[in-house]
Amino acid sequence: MKSVCILRLSAIGDVCHALALVNVLKARWPECAITWVLGKAEAQLMAGLEGVELVVFDKKAGFKGMKAVWQQLKGRRFDALLHMQIALRASLLSTGIKAERRIGFDRSRAGEGQWLFTRESIARPEGYHVLDNFLEFARYLGIDDPRPNWQLPVPQQALEKAKELIPDGKKTLVICHSASKPQRAWLAERYAAVADWAVGEGIRVLLCGGPAPAELALGKAIEEEASEKLVNLTGQTDLKTLWAILGRASAVLAPDTGPTHMASSQKVPTVGLYAHSNPRRTGPYNHQKLVVNRYDANILAQTAKPWTELPWGQRAKGDHLMAGIGVDEVIGRLKPLLIK
């Protein structure tokens with residue numbers, strides 16, 4: 001294989017899974033030219049990957065953004081295009097990427113008509129997780145038993161900042177409180193109760209989140225609800241620094257959000273809170289046993305069917321499902337990780 005184009009635009013968590021595949025391909029074919037088309041924020045996290053050309057797609061630019069990608073790739077033809085995103089927008093973008101082989105998901109998981117834009121499809125993987133699906137692309141290309149590898153370059157400045165915030169030997173719980181959709185985040189007073197418990201046990205607590213108004217508001221609400229002193233970093237860290245901070249944490253608490261996967265990718269114990277999405281599909285890959293799972297009960301109540309009988313990726317609906325997760329259960333997950 002001399003050249004591969006990977007099309008996986010977003011989101012942060014899925015891009016972390018795609019990173020594991022990229023590193024598998026690099027290890028198998030060191031001389032292969034790898035081009036990765038991805039979103040702007042995701043490119044900031046993946047910046048510096050050796051031997052990987054990042055082509056940024058600005059989705060806010062719409063069709064102009066697509067044309068910019070096509071212009072950058074004009075005159076090039078790849079040995080293979082790995083079309084790893086089912087969204088119709090990604091499929092439309094793929095029409096301007098030339099490749100000898102166009103490979104997508106198997107028909108049962110190729111939503112939004114993705115199969116119309118590819119000529120080959122991977123086998124349905126034995127595993128249920130998104131990452132299992134991504135690694136199936138490697139198997140399809142002839143790489144037996146691909147082992148995920150999340151190695152990512154991090155600037156020295158980010159590493160030093162993380163060490164300043166989490167000194168050596170200091171037990172630290174990092175709470176990444178928000179999600180892309182507010183209803184997938186937990187309640188402020190419950191985050192605060194967990195934080196108060198941790199501080200009471202002598203554990204440092206950091207709050208992390210993005211700069212969006214809803215995330216800033218939730219971070220402030222947690223800080224105000226808490227009786228103990230927290231370090232609120234919401235909106236103050238770029239993605240590389242956040243990666244470094246998560247890598248030094250003793251444990252991470254987060255809902256269905258990108259930092260969940262950033263932490264689990266680094267083998268940091270990660271307690272994921274899931275009520276809308278099936279954690280077997282989108283939970284922390286290396287820490288499935290730490291998940292607090294309300295999805296199974298919610299989807300059964302809404303469909304009268306167990307998750308095993310439903311389409312891959314079906315979500316439970318509702319604005320208040322996360323309220324079904326209690327403080328004591330979350331502390332029960334964290335206690336053996338932080339108190340030994």
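## Reading charge patches, sheets and salt bridges

Lys40, Lys59, Lys60 and Arg89 gather on the surface in a patch of positive charge. The model in which this patch appears is predicted.

User: How should I read such a patch, and where does Lys59 sit in the fold?

Analyst: A residue joins a patch only if its relative accessible area is over 30% and it makes no salt bridge. Lys59 belongs to the positive patch, and its place is in the loop between strand S3 (52-57) and helix H3 (63-72). With a relative accessible area of 47%, Lys59 is partly exposed.

User: Which residues form the negative surface patch, and which helix gives the most to it?

Analyst: The negative patch on the surface is formed by Glu189, Glu223, Glu224 and Glu225. Helix H8 (residues 213-225) gives the most, contributing three residues. Glu225 is found in helix H8, and its relative accessibility of 45% makes Glu225 count as partly exposed.

User: Turning to the sheets, in what order do strands S1 to S6 stand, and what is the sense of their pairing?

Analyst: The general idea is that strands of a sheet pair through backbone hydrogen bonds, in either a parallel or an antiparallel sense. In this structure, six strands form an open sheet in the order S3-S2-S1-S4-S5-S6, and the pairing is parallel. S3 and strand S6 (120-121) stand at the edges with a single partner strand each, so one side of each is left without a neighbour in the sheet.

User: How many bridges join strand S4 to strand S5, and which residue of S5 stands opposite Leu81?

Analyst: Strand S4 (residues 78-83) and strand S5 (residues 99-104) pair in the parallel sense over four bridges. Opposite Leu81 stands Arg102, which belongs to S5.

User: How does the sheet that holds strands S7 to S12 read, and which strands stand at its edges?

Analyst: Here six strands form an open sheet in the order S9-S8-S7-S10-S11-S12, and the pairing is parallel. Strand S9 (231-232) and strand S12 (292-293) stand at the edges, and because each has a single partner strand, one side of each is left without a neighbour in the sheet. Strand S8 (residues 204-208) pairs with S9 in the parallel sense over two bridges, and Leu206 has Val231 in S9 as its bridge partner.

User: What can I learn from residues that are far apart in sequence, such as Leu159 and Thr241 with their positions 82 residues apart?

Analyst: It helps to set the separation along the chain beside the distance in space. Leu159 and Thr241 are 82 residues apart in sequence, while their C-alpha atoms are 7.0 Å apart in space. Leu159 lies in helix H6 (residues 156-165), and at 38% relative accessibility Leu159 counts as partly exposed.

User: How many salt bridges does a search of the whole structure find, and where do Arg139 and Glu136 lie?

Analyst: The pairs to look for are a side-chain nitrogen of Lys or Arg within 4 Å of a carboxyl oxygen of Asp or Glu. A search of the whole structure finds 13 salt bridges. In one of them, the side chains of Arg139 and Glu136 meet at 3.4 Å, N to O; both residues lie in helix H5 (residues 130-140), three residues apart, which is about one turn of the helix.

User: Are Arg139 and Glu136 buried or exposed, or does either count as partly exposed?

Analyst: Arg139 counts as partly exposed, at 37% relative accessibility, whereas Glu136 counts as buried, at 12%. The cut-off behind this reading is that buried means under 20% relative accessible area.

User: Where in helix H6 is there a salt bridge of this kind, and how far apart are Glu164 and Lys161?

Analyst: The side chains of Glu164 and Lys161 meet in a salt bridge of 3.8 Å, N to O. Because they are three residues apart in helix H6, about one helical turn separates Glu164 and Lys161. Glu164 is exposed, with a relative accessible area of 56%, while Lys161 counts as partly exposed at 36%.

User: What links Glu329 to Arg333, and which residues join Asp168 in a network?

Analyst: Glu329 forms a salt bridge with Arg333, whose closest N and O atoms are 3.8 Å apart. Both lie in helix H13 (residues 327-338), four residues apart, or about one turn of the helix. Glu329 is partly exposed at a relative accessible area of 26%, and Arg333 is partly exposed at 25%. As for Asp168, a network of salt bridges links Asp168 with Lys163 and Arg248.

Definitions and conventions
Residues are numbered from 1 along each chain as its sequence is written. This is a predicted model: local features need pLDDT of at least 70, side-chain atom pairs count only at pLDDT 80 or more; totals for chains, interfaces and linings use all residues. Side-chain values use heavy atoms; hydrogens and water are left out. Patches are made of residues with over 30% relative accessible area and no salt bridge: like charges are joined within 9 Å, nonpolar side chains (Val, Leu, Ile, Met, Phe, Trp, Tyr) within 5 Å. Accessible areas come from the Shrake-Rupley method with a 1.4 Å probe; for residues, only the protein chains shown count as cover. Lys and Arg count as positive and Asp and Glu as negative; His and the chain ends are not counted. The place of a charge is taken as NZ of Lys, CZ of Arg, CG of Asp or CD of Glu. Buried means under 20% relative accessible area, exposed over 50%, partly exposed in between (1.4 Å probe, protein chains only). Two strands pair if DSSP finds at least two bridges between them.
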